[in-house]
Amino acid sequence: MLEEFLKENADLFAADYVILKIDTQNMENGKTVANRLDKGRGGGIPWMVILDSDGTELASSFGPDGNIGYPISPKEISYFVTMIEQTRRKISPEGVAKIRSE
């Protein structure tokens with residue numbers, strides 16, 4: 001569901017983000033890369049991390065209550081929007097509101 005959401009709303013994220021999927025089952029070294037990025041936190045699939053251009057983590061889907069996965073509940077959606085608000089540079093407040101509503 002997360003993959004579909006990101007595809008369907010790619011235009012909302014394009015100004016600030018490059019969306020990259022890591023398939024831990026089918027990509028060579030996918031599991032190694034995923035393990036490096038999740039830093040042993042575990043928590044299931046899907047999970048996401050927002051990195052800067054140097055590969056430093058800016059935000060991840062590991063919130064105070066664990067991994068939000070595909071955010072469905074109001075609390076998960078709120079945390080996801082917080083991730084966007086904290087890391088966006090070009091997306092306007094109106095764009096963030098549109099992401100929240102989608």
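Hi everyone, let's start at the front of the chain, with Glu 3, which lies in helix 1. Please keep in mind throughout that this is a predicted model. Glu 3 is partly exposed, with a relative accessible area of 38%. Its C-alpha is 8.1 Å from that of Lys 21, a residue 18 places away in sequence.

Now, on to the interior. The largest nonpolar core has 17 residues, and those with the most contacts inside it are Phe 13, Phe 80, Met 83, Ile 84 and Ile 99. Who supplies them? At least two core residues come from each of these: helix 1 (2–8), helix 2 (10–13), helix 4 (74–87) and helix 5 (93–101). Helix 4 gives the largest share, four residues. As general background, nonpolar side chains in soluble globular proteins tend to be buried together.

Let me stay with one member of that core for a moment. Which residues does Phe 80 touch, leaving aside its neighbours within four places in sequence? Phe 80 is in contact with Phe 5, Phe 13, Met 48, Ile 68, Pro 71 and Ile 99. Two of those names, Phe 13 and Ile 99, you have just heard among the core residues with the most contacts.

That brings me to the helix pair. How do helix 4 and helix 5 pack, and at what angle? The angle is about 155°, and the axes are 10 Å apart. Since angles over 145 degrees count as roughly antiparallel, helix 4 is therefore roughly antiparallel to helix 5. The contact involves Ile 77, Ser 78, Phe 80, Val 81, Ile 84 and Glu 85 on the helix 4 side, and Val 96, Ile 99 and Arg 100 on the helix 5 side. If you rotate the model to look at the crossing, helix 4 passes helix 5 in a right-handed sense.

While we are here, have a look at Gly 95, which lies in helix 5. Is Gly 95 buried or exposed? Gly 95 has a relative accessible area of 16%, so it counts as buried, the cut-off being under 20%. From Gly 95 to Pro 74 is 21 residues in sequence and 18 Å in space, C-alpha to C-alpha.

Next, the loop between helix 4 and helix 5, where you will find Lys 90. Lys 90 is exposed, with a relative accessible area of 64%. Leaving aside neighbours within four places in sequence, Lys 90 is in contact with Ala 15 and Asp 16. Lys 90 and Ala 15 are 75 residues apart in sequence, and their C-alpha atoms are 5.9 Å apart.

Let's turn to the strands. Strand 1 (residues 49–51) and strand 2 (residues 57–60) pair in the antiparallel sense, over three bridges. If you want a pair of residues to orient yourself by, Ile 50 stands opposite Ala 59 in strand 2. The hairpin these strands form has five residues between them, and Gly 55 takes a positive phi near 90° there.

One more glycine and I am done. Gly 66 lies in strand 4 (residues 66–67). Gly 66 is partly exposed, at a relative accessible area of 28%. Between Gly 66 and Gly 44 there are 9.5 Å, C-alpha to C-alpha, at a sequence separation of 22 residues.

Thanks for listening, and I'm happy to go back to any of these views.

Definitions and conventions:
Residues numbered from 1 in each chain as written. Predicted model: local features only at pLDDT ≥ 70, side-chain atom pairs only at ≥ 80, totals over all residues. Heavy atoms only, no water. Core = buried A, V, L, I, M, F, W, Y, C linked by side-chain atoms within 4.5 Å. Buried < 20%, exposed > 50% of the residue type's maximum accessible area, 1.4 Å probe, protein only. Contact = heavy atoms within 4.5 Å. Pairing = 2+ DSSP bridges. Axes fitted to C-alpha atoms, helices over the stretch in contact; angles between N-to-C directions. Parallel < 35°, antiparallel > 145°, perpendicular 65-115°, else oblique. Left-handed = near helix turned anticlockwise from the far one by under 90°.
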